[in-house]
Amino acid sequence: MSVLIYLLKVNLILIAFYAFYWVFLRKNTFFQTNRLYLLLSVGVSFLMPFIKIRHNYTFSQPLPVTLNEVPAETIKAAVYQPVLVENYNFVFNWMDILTAIYLAGVAVFSLRFIIALVKIYLLLRDSEPINMSETRSGREYWLLRTNKAFSSYSFFNFLILNKDDIFYNRNIITDHEEVHISQGHSWDIFFIELVHIFCWFNPLLLSYKTALTRLHEFIADSIVEGEEKVPYAEFLFAYNFRMNASTLGNDFFKDSLLKERIQMMMKNRTPLWMISKYIFVLPLMVCLSYFVVAQDVRRVKPVDLLPAEFKGGIRAFETYFAKNFKYPEGKRVEGDIYASFVVNKDGELSELSIDKGLRPDYNGRVANVLASMPYWTPAERRKKPVESRVFLRLTIGKSYGIVANQSNIDPAFRGVIVVDNQIISRAKKLYWEEYTSILKNNKNLDEKESTYLKLIGENQTLIDLFGQQAEFGVDFWMSKKQILIMHNGEELNYIKGSVYSIRVEDSKVEVLSPEEAFKKYGENARDGAIIITDKY
């Protein structure tokens, strides 16, 4: 899961949790419970995307095929062919732009947070200590005095009173702020500010902070009871309006909260039975798990797809491309450029991407030619046009001209390659030439003796053993080692040089050590065993 997708899921969950709070909980007088709900909802939002809940369904449109799903025989045949690996430069794309914007936002909001902390430090440094005091719960804190025209406020274990409040309002403000200190309200704001740094693009985090700030004041005001409420409300009205000292502290007076504080203080307490509302959070979490968190396991009905094509076919495309592509000045570069794009039902092209290029100038010119192509003939399924993605491999710079290969196979391999129990690649994006070159350069592989096992799909056991990249699959190559392969109780690799492809999303996979395998299966598994058992 990419970081941006993860953050998108986190923020969708945050929105759902806050919507529930706004509709059902915010008018309750269960202030402590609401505070706990808001804090836990933020924490749970960051954890839920890691939950993996599977739901199966069948649909008629096949998933896009990738190099991870190319028939094993095809890959093995290519391993022992001459391979030319081209050097290429990184191609800047829209995802890089989004990532750069996101990181810039993180930097700006981090700087804003640091500046706020520095301001508080300067305020504390310039304030005069009065004494060390204790809250009613026995928590110690520093009482300080400032000559600046700020509203009195607290920050963690510091309570700063302005010079007027020292003489005229000390007791009432101290009692109020001691509640903030004893209950650690500064930690809540600190936590939300850190979350806001990483989710700065979500304006709802400001609502979370505002809601928590309100609850802090309601909780602190709740120490006033009975006949004391009216004089306390009158005091709030009469209290001099002052500038807030810091966004990170708990200011005694906030003009925007005055009306709500008095309303909540005078409001009758919510009946205890209304706490049952919080039970409805559970169905909300189930819905979020299903629609936002769940990982799909898709059963595919085999349906023939007639692929999209350039009008006139691939040879006509080569003629069109050769006519419109102009080589950059200088020494001609030879190699392959991989591109992909979507052809919609009308034959219009979109989402053009240079997936692997040579040089920026070459990549740009190839992109310009592809972007200017006329409409294609769309793909068809059951004689109806459908949207599809086209992958092109363009070989340019050769003396015999330009050669194009088209398929619905993504040339990028994403997964783990294991040769004789040794991981040789955890590829985030590995292209055909690079894949085969890695294997050709491995001295342990022998063309006639190598057994190849391709495990396709996400399996938690493989992820635990070989890392997160194994969610795209694992390719096992076995040449020098005697590793047993069992599938549903049947031994597969009794003939050396065999090739196998097995989907393992819904399978139990065991990778046994040599000791465990030899003890259980004998000499045929002296170097280990891979046991696959389908669950359906």
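**Exercise 1. Identify the bridge partner of Lys454 in β19, then describe the strands that pair with β19.**

Step 1. Lys454 has Asp475 as its bridge partner in β19. The model examined here is a predicted one.

Step 2. Strand β18, residues 451–456, pairs with β19 in the antiparallel sense, and six bridges connect them.

Step 3. Strand β16, which covers residues 413–419, pairs with β19 in the parallel sense over four bridges. Within this pairing, Val418 has Phe476 of β19 as its bridge partner.

**Exercise 2. Determine how the residues of β19 are oriented and whether they are buried or exposed.**

Step 1. Strand β19 spans residues 473–478.

Step 2. Gly473, Asp475 and Trp477 point one way from the strand, while Val474, Phe476 and Met478 point the other way. In a regular strand, side chains alternate between the two faces of the sheet.

Step 3. Residues of both sets are buried. The strand is accordingly described as mostly covered, with six of its six residues buried.

**Exercise 3. Place β19 within its sheet, and state which strands stand at the edges.**

Step 1. The sheet is open and has five strands in the order β17-β16-β19-β18-β22, with mixed pairing.

Step 2. The edge strands are β17 (422–430) and β22 (499–503), each of which pairs on one side only. From one strand to the next, the twist averages 15°.

Step 3. β22 pairs with β18 in the parallel sense over five bridges. In this pairing, Leu453 has Tyr500 of β22 as its bridge partner.

Step 4. A helix also belongs to the description: α14, residues 432–440, lies across β16, β17, β18 and β19. Helix α14 runs at about 170° to β17.

**Exercise 4. Describe the surroundings of strand β20 and the strands with which it pairs.**

Step 1. Strand β20 comprises residues 484–487, and both of its faces are covered. Leu484 and Met486 are buried on one side, and Ile485 and His487 are buried on the other.

Step 2. With strand β24 (residues 529–534), β20 pairs in the parallel sense over four bridges. Here His487 stands opposite Ile532.

Step 3. With strand β21 (residues 490–491), β20 pairs in the antiparallel sense over two bridges. Here Met486 stands opposite Glu491.

Step 4. β20 and β21 form a hairpin with two residues between the strands, and in this hairpin Asn488 takes a positive phi near 55°.

**Exercise 5. Explain why β10 and β14 each have one side without a neighbour in their sheet.**

Step 1. The sheet in question is open, with four strands in the order β10-β9-β13-β14 and antiparallel pairing.

Step 2. β10 (349–356) and β14 (403–407) occupy the edges and each has a single partner strand, so one side of each lacks a neighbour in the sheet. The twist averages 20° from one strand to the next.

Step 3. The partner of β10 is β9, residues 335–343; these two strands run antiparallel and are joined by five bridges. Tyr338 stands opposite Lys356 in β10.

Step 4. Helix α13, residues 360–371, packs on this sheet and touches β9, β10 and β13 (388–396). The direction of α13 makes about 160° with that of β10.

**Exercise 6. Find which residues touch the most other members of the largest nonpolar core, and which helices supply this core.**

Step 1. The core has 42 residues, and those touching the most other members are Phe17, Tyr18, Tyr21, Tyr37, Leu38, Tyr208 and Leu288.

Step 2. At least two residues each come from α1 (3–25), α2 (31–47), α4 (94–126), α7 (185–198), α8 (204–221) and α11 (281–293). The largest share, 11 residues, is supplied by α1.

Step 3. Another core lies apart from this one; it has 27 residues, including Val343, Met373, Ala379 and Leu394.

Step 4. Leu38 gives an example of the contacts: leaving aside residues up to four places away in sequence, Leu38 touches Tyr18, Tyr21, Tyr208, Ala211, Leu212 and Leu215.

**Exercise 7. State where the UniProt record places the feature "transmembrane region", and describe the chain over residues 6–24 and 100–124.**

Step 1. The unreviewed UniProt entry places this feature at residues 6–24, 36–53, 100–124 and 271–293.

Step 2. Residues 6–24 are 100% helix and 0% strand, with the end C-alpha atoms 27 Å apart.

Step 3. Residues 100–124 are 100% helix and 0% strand, with the end C-alpha atoms 36 Å apart.

Key: Residues are numbered from 1 along each chain as its sequence is written. This is a predicted model: local features need pLDDT of at least 70, side-chain atom pairs count only at pLDDT 80 or more; totals for chains, interfaces and linings use all residues. Side-chain values use heavy atoms; hydrogens and water are left out. UniProt positions are given in the numbering used here, feature names are shortened, and annotations may be inferred rather than shown by experiment. A nonpolar core is a set of buried Ala, Val, Leu, Ile, Met, Phe, Trp, Tyr and Cys residues joined through side-chain atoms within 4.5 Å. Buried means under 20% relative accessible area, exposed over 50%, partly exposed in between (1.4 Å probe, protein chains only). Contact means heavy atoms within 4.5 Å. Two strands pair if DSSP finds at least two bridges between them. Axes are lines fitted to C-alpha atoms, for helices over the stretch in contact, and angles run from 0 to 180 degrees between N-to-C directions.
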